[in-house]
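Welcome, and thanks for opening the viewer. Let's walk through this structure one selection at a time.

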Amino acid sequence: MYQVLRGGHLTSVLSIGVVLSIAFVASAAHAENFAEGARQATAAGQEALSQNPSTQLADYAAAAEALQKGIAREPGSAAAWMRWADFALERFRILDLELRSAQSGMAVVLRFEAQGWHSGPETREELLRQSATADPEQQGIWGELGVEQVRRGIQEEAAATLRTALERQPKDSWTLRLQAVTAAAEGNWRKAEDCLVELGVRSRAVLRSAVKAWPKSLLPHGSAKDEVLECASEDSEACLAEIKFPPSEVQDSEEQLFAEERWEQLAAMPEPPSELPAAWFRRGVALAELNHCERAIPALERGLDTGAETAAYWLECCYASEAERATARIRALGNEAVFHRVRGDFLVRVKSDAQSATEEYEKARKLQPRDAVLAERLAQAYQSRGQMDQAKQAAREALALDPRRLVALRLLASIAMSERDYPGALEFLNKMLAMRSNDAWVRVKMGIAYAHAGQPQQALAYLEPLLAAGYPDERGALHGMLAGVLRKLGREQEAQIAAAEANRLSDLFQQHLKTGLDDHQ
């Protein structure tokens with residue numbers, strides 16, 4: 001999974017200038033089609049995203065650095081900020097799709113959403129609890145859940161979570177934060193202060209975060225307050241900055257600094273050599289914890305193989321944060337049309353809020369009614385909301401402005417397939433195939449459409465070579481369709497072989513599902 005997250009299918013971001021998605025976050029579209037909406041690329045980013053397999057592992061990091069340098073050269077350029085926002089949102093979408101394909105990855109997505117990047121009805125406590133259940137080994141997850149439970153006054157659940165945190169992750173900073181708020185809830189101010197001081201010894205940034213989120217109902221009354229709790233009462237960062245904590249006794253070992261979450265010390269160390277991904281991962285986490293996302297992103301990209309879900313979590317947080325920052329900057333620079341388009345992308349990709357995204361795209365279209373990209377985006381938003389008539393109309397408007405809009409063609413083909421309008425689907429698929437003759441997705445869909453349209457010979461011409469070449473068929477449905485086509489052509493022996501393979505793949509899929517459920521019960 002992490003190789004795909006790290007450097008797989010780099011065609012998806014080759015054109016980082018205005019790289020667009022085929023569908024929204026829940027789409028399972030193949031990665032080779034992710035760049036269909038792209039039109040231009042910055043020279044530096046294009047070079048960084050080389051297709052040379054030997055350089056793919058560092059490409060996302062190099063592309064991020066190239067785009068950041070572009071902003072540094074022209075901080076007042078809305079185009080430079082747009083390119084950065086587009087890159088961040090596309091990379092976020094790729095990471096999110098991959099994370100959602102595995103149980104442990106979904107735990108990361110739920111935890112990310114619990115940070116406020118979520119438009120659904122679930123509370124932060126519910127999201128954290130679901131995340132902990134999906135992957136109980138996530139660093140700090142139990143302490144983070146328990147702190148939220150204390151904040152919500154769910155003391156019994158918080159006490160049980162604290163026991164789990166102390167058992168699984170006794171030295172984690174989130175466990176220390178949970179111990180502090182639990183002690184305060186019990187009126188044990190001395191213990192609460194000691195825990196907060198220990199946090200400050202490790203990282204002032206973590207302490208500031210803990211104090212900023214400290215429940216106002218858990219502050220001591222009267223004048224008998226210790227230093228950190230006094231600052232919490234005053235809600236003053238300047239107060240915290242004046243506190244002198246005991247000096248750290250930890251040596252300069254990078255691994256030890258990471259283990260004890262001493263982020264400022266770790267971030268201050270020199271950049272590691274390029275061939276040490278584990279060191280880049282640790283550096284990236286430290287920078288992300290300190291809210292230096294623009295510096296954290298390249299480091300985390302270089303350490304993604306080593307950092308796995310933890311690195312992916314921080315990359316999602318940082319890409320979302322940077323996209324939001326870029327969007328605000330675009331608006332401040334006065335480019336309203338680009339602002340509404342990028343804001344719509346942010347809402348649908350990060351917040352999964354297609355309704356609000358639709359409103360943003362509509363505002364952008366009013367400002368730029370001849371922009372095919374905006375019509376295409378609006379079509380996607382309508383489709384994700386189930387408004388198929390409006391989706392088809394917007395997609396056709398996009399094609400009227402630019403007949404080569406592959407995203408619009410794909411959307412119309414997909415809707416036609418779902419409506420069993422196979423001749424209509426074939427019309428759009430043939431147009432796509434004329435532009436991308438080797439597109440495997442298009443060829444498979446054509447095979448399916450021909451099969452449903454009662455043209456088995458044409459269906460066979462598309463399905464058989466793709467499946468023989470290893471086209472993904474996780475559930476065996478395509479092999480089952482191939483078996484049916486072969487039977488219609490009187491090739492019973494080959495049909496039985498295809499049917500047997502369909503059954504084998506289906507059984508493997510069901511077994512995989514059962515194993516996954518058993519592992520997390």
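Begin by selecting Arg111, Arg124, Glu144, Glu148 and Arg151, and show their side chains: these residues are linked in a network of salt bridges. Keep in mind as you look around that the model is predicted. The structure as a whole holds 33 salt bridges, and a few more of them come up along the way.

**Stop 1: helix H6**

Next, colour helix H6, which covers residues 124–134. Which residues of H6 are buried? They are Glu125, Leu127, Leu128, Ser131, Ala132 and Ala134. Now switch on helix H5 (103–113) and helix H7 (141–151), since what covers the buried residues of H6 includes both of these helices.

**Stop 2: three charged pairs**

Move to helix H4, residues 78–99, and pick out Glu90 and Arg93. Their side chains meet in a salt bridge, at 2.7 Å from N to O. The two residues are three apart in H4, so about one helical turn separates them. In general, an α-helix has 3.6 residues a turn, so residues three or four places apart point the same way. Are these two partners buried or exposed? Glu90 counts as buried because its relative accessibility is 0%, and Arg93 counts as buried too, at 1%.

Then select Glu113 and Arg100, whose side chains meet in a salt bridge with an N to O distance of 3.6 Å. This pair links distant parts of the chain: Glu113 sits in helix H5, Arg100 in the loop between H4 and H5, and they are 13 residues apart. With a relative accessibility of 12%, Glu113 counts as buried, whereas Arg100, at 31%, counts as partly exposed.

For the third pair, go to Glu336 and Arg331: here the side chains form a salt bridge of 3.6 Å, N to O. Glu336 is partly exposed, with 30% relative accessible area, and Arg331 is partly exposed as well, at 43%.

**Stop 3: where H10 meets H11**

Now show helix H10 (residues 189–202) together with helix H11 (residues 204–212). At what angle do they pack? The angle is about 140 degrees, and the axes lie 5 Å apart. That angle makes H10 oblique to H11. To see the contact itself, select Leu196, Leu199, Gly200 and Arg202 on the H10 side, and Arg204, Val206, Leu207 and Ala210 on the H11 side. By type, the residues of this contact are five nonpolar, one polar and two charged.

Stay with H11 and look at its N-terminal end, which is capped by Ser203: a side-chain oxygen of Ser203 lies 3.3 Å from the backbone nitrogen of Ala205. Ala205 is one of the buried residues of H11, along with Val206, Leu207, Ala210 and Val211. What do these buried residues pack against? Turn on helix H9 (173–185), H10, helix H12 (227–234), helix H13 (237–242) and helix H15 (263–267) to find their partners.

**Last stop: Val197**

Finish on a single residue in helix H10, Val197. Its relative accessible area is 23%, so Val197 is partly exposed. Setting aside neighbours within four places in sequence, Val197 is in contact with Val228, Phe245 and Pro246. If you like, draw a distance from the C-alpha atom of Val197 to that of Ala180: these atoms are 9.9 Å apart, and the two residues are 17 residues apart along the chain.

Notes
Residues are numbered from 1 along each chain as its sequence is written. This is a predicted model: local features need pLDDT of at least 70, side-chain atom pairs count only at pLDDT 80 or more; totals for chains, interfaces and linings use all residues. Side-chain values use heavy atoms; hydrogens and water are left out. Axes are lines fitted to C-alpha atoms, for helices over the stretch in contact, and angles run from 0 to 180 degrees between N-to-C directions. Helices (H or I, at least four residues) and strands (E, at least two) are DSSP runs, numbered from the N terminus. Angles under 35 degrees count as roughly parallel, over 145 as roughly antiparallel, 65 to 115 as roughly perpendicular and the rest as oblique. Contact means heavy atoms within 4.5 Å. Ala, Val, Leu, Ile, Met, Phe, Trp, Tyr, Cys and Pro count as nonpolar, Asp, Glu, Lys and Arg as charged, and the others, Gly among them, as polar. Buried means under 20% relative accessible area, exposed over 50%, partly exposed in between (1.4 Å probe, protein chains only). A polar contact is a pair of N or O atoms within 3.5 Å; within protein, one must be able to donate a hydrogen and the other to accept it, and residues adjacent in sequence count only if both atoms are side-chain atoms. A salt bridge is a side-chain nitrogen of Lys or Arg within 4 Å of a carboxyl oxygen of Asp or Glu.
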